[in-house]
Amino acid sequence: FVERHGGVIRKSVSKKTTLLVECSETNALGRPTSEGRKSIDAREKGVPTMSETEFYDAIESGVRLRGR
C-alpha cells in the first residue's frame, strides 16, 4: 500500500527519511511500537511521524505526503 502511493519501506531511519508511519501494534516486549527503535530514531533526527490512522486518512483525502 505504501509503495503504491509513492512511499519507500526501509529497515532504518536516516537523514533522508521524510516521514515515519508508526504502526499501531505492540512489539515483542508488549510495548507500543511508537517506543521502538525506528520511532526513537525518527524523533532524535527530527523526522515527522504519523499514526497508521493519520496516514490512511491523509491518503484518502488526497494529501501529498512526500517531503511533508
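Me: Which exposed residues sit on the face of α1 turned away from its buried side?

Reply: That face carries Arg37 and Glu44. Before going on: this is a predicted model, where local features need pLDDT of at least 70 and side-chain atom pairs count only at pLDDT 80 or more, while totals for chains, interfaces and linings use all residues. Residues are numbered from 1 along each chain as its sequence is written, and side-chain values use heavy atoms, with hydrogens and water left out.

Me: Why is Glu44 called exposed?

Reply: Its relative accessible area is 61%. Exposed means over 50%, buried means under 20%, and partly exposed is in between (1.4 Å probe, protein chains only). So glutamate 44, at 61%, counts as exposed.

Me: What makes α1 a helix, and what else is there in the chain?

Reply: Helices are DSSP runs of H or I with at least four residues, strands are runs of E with at least two, and both are numbered from the N terminus. Helix α1 covers residues 37–45. The chain has 2 helices and 2 strands, in the order β-α-β-α from the N terminus on.

Me: Which residues of α1 are buried, and why say that they line one face?

Reply: The buried ones are Ser39, Asp41 and Ala42. Seen down the axis, they fall within an arc of 165°, so they line one face of the helix. The arc is that of the directions from the helix axis to the C-beta atoms. As for what covers them, β1 and β2 (49–51) are included.

Me: How do you know that serine 39 is buried?

Reply: Its relative accessible area is 3%, so serine 39 counts as buried.

Me: What makes the serine 39–glutamate 22 pair a polar contact?

Reply: The two side chains come to 2.9 Å. A polar contact is a pair of N or O atoms within 3.5 Å; within protein, one must be able to donate a hydrogen and the other to accept it, and residues adjacent in sequence count only if both atoms are side-chain atoms. The 2.9 Å of this pair fits that limit.

Me: Why is glutamate 22 with arginine 43 called a salt bridge?

Reply: The closest N and O atoms are 3.8 Å apart. The rule wants a side-chain nitrogen of Lys or Arg within 4 Å of a carboxyl oxygen of Asp or Glu, so the pair passes. The pair links distant parts of the chain, glutamate 22 in strand β1 (residues 20–22) and arginine 43 in helix α1, 21 residues apart. Glutamate 22 is also buried, with a relative accessible area of 15%.

Me: How many salt bridges are there by this rule, and what makes some of them a network?

Reply: The count comes to 3. Arginine 37 pairs with aspartate 41, the closest N and O atoms being 2.9 Å apart, and arginine 37 also pairs with glutamate 44 at 3.8 Å. Salt bridges that share partners join Arg37, Asp41 and Glu44 into one network.

Me: How far round the helix are arginine 37 and aspartate 41 separated, and why?

Reply: They are 4 residues apart in helix α1, so about one helical turn separates them. An α-helix has 3.6 residues a turn, so residues three or four places apart point the same way. Aspartate 41 itself is buried, at a relative accessible area of 16%.

Me: What about α2: which residues are buried there, and why speak of one face?

Reply: In α2 (residues 52–61), Phe55, Ala58 and Ile59 are buried. They fall within an arc of 100° seen down the axis, so they line one face of the helix. Thr53, Glu60 and Ser61 are exposed on the other side. Their cover includes β1 and β2, contact meaning heavy atoms within 4.5 Å.

Me: Which residue follows each helix?

Reply: Glycine 46 follows α1, with a positive phi near 75°, and glycine 62 follows α2, with a positive phi near 85°.

Me: Why is serine 24 called exposed, and where is it?

Reply: At 63% relative accessibility, serine 24 counts as exposed. Serine 24 lies in the loop between β1 and α1.

Me: How confident is the predictor?

Reply: On pLDDT, its confidence in each residue from 0 to 100, the chain averages 81, and 84% of the residues score at least 70. Among the elements, α2 has the lowest mean (87) and α1 the highest (90).
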